[in-house]
Amino acid sequence: KNQVEQSPQSLIILEGKNCTLQCNYTVSPFSNLRWYKQDTGRGPVSLTIMTFSENTKSNGRYTATLDADTKQSSLHITASQLSDSASYICVVSPLCSTGT
């Protein structure tokens, strides 16, 4: 069974501090891993898309890491701002086989 687990479930930090969110998954093989930010009452916004071969990807104050061996990803937020208050979602897309 493919599973994706995130931790911590909720996080409270001071403005200007750094924080890290974790994502563990059992999906194998997978085509990509994505981190989304979802503000209350809005649809999710893509922060980063990582493929199997990528280890680190940055998007402004957001840095995502991926370790395909341990099946873990993390999202690091630098100098957090009030606007960072949102839900963060880790999505792992399985690699679809074309076999019968």
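**Strands and a disulfide**

Colleague: Which residue in E4 stands opposite Tyr-36?
Modeller: E4 is one of the DSSP runs, numbered from the N terminus: strands are E, at least two residues, and helices are H or I, at least four. Two strands pair if DSSP finds at least two bridges between them. Standing opposite Tyr-36 in E4 is Ser-46.

Colleague: What kind of model is this?
Modeller: Residues are numbered from 1 along each chain as its sequence is written, and side-chain values use heavy atoms, with hydrogens and water left out. Local features need pLDDT of at least 70, side-chain atom pairs count only at pLDDT 80 or more, totals for chains, interfaces and linings use all residues, and the model is predicted.

Colleague: Back to those strands: over how many bridges do E3 and E4 pair?
Modeller: Strands of a sheet pair through backbone hydrogen bonds, either parallel or antiparallel. E3 covers residues 30-38, and E4 covers 45-50. They pair in the antiparallel sense, and the number of bridges is five.

Colleague: Which are the edge strands of the open sheet E4-E3-E8?
Modeller: The three strands run in that order, with antiparallel pairing. An edge strand here pairs on one side only, and that description fits E4 (45-50) and E8 (87-94).

Colleague: And how many helices does the protein chain have?
Modeller: From the N terminus on, the elements run β-β-β-β-β-β-β-β. That's eight strands, and the number of helices is zero.

Colleague: Which cysteines form the disulfide?
Modeller: A disulfide is a pair of cysteine sulfur atoms within 2.5 Å, and the structure holds one. Its sulfur atoms sit 2.1 Å apart, and they belong to Cys-23 and Cys-90.

Colleague: How far apart in sequence are the parts that this pair ties together?
Modeller: Cys-23 lies in strand E2 (residues 19-25), while Cys-90 lies in strand E8. So the pair ties together parts whose separation in sequence is 67 residues.

Colleague: Is Cys-19 buried or exposed?
Modeller: Cys-19 is in no disulfide, and the nearest cysteine sulfur, that of Cys-90, is 15 Å away. Buried means under 20% relative accessible area, exposed over 50%, and partly exposed in between (1.4 Å probe, protein chains only). Cys-19 has 10% relative accessibility, so it counts as buried.

Colleague: What is the radius of gyration of the protein chain?
Modeller: It's taken over C-alpha atoms, and the globule rule is 2.2 Å times the number of residues to the power 0.38. For 100 residues that rule gives 13 Å, and the chain comes close to it, so it is as compact as a globular protein of that length, with a radius of gyration of 14 Å.
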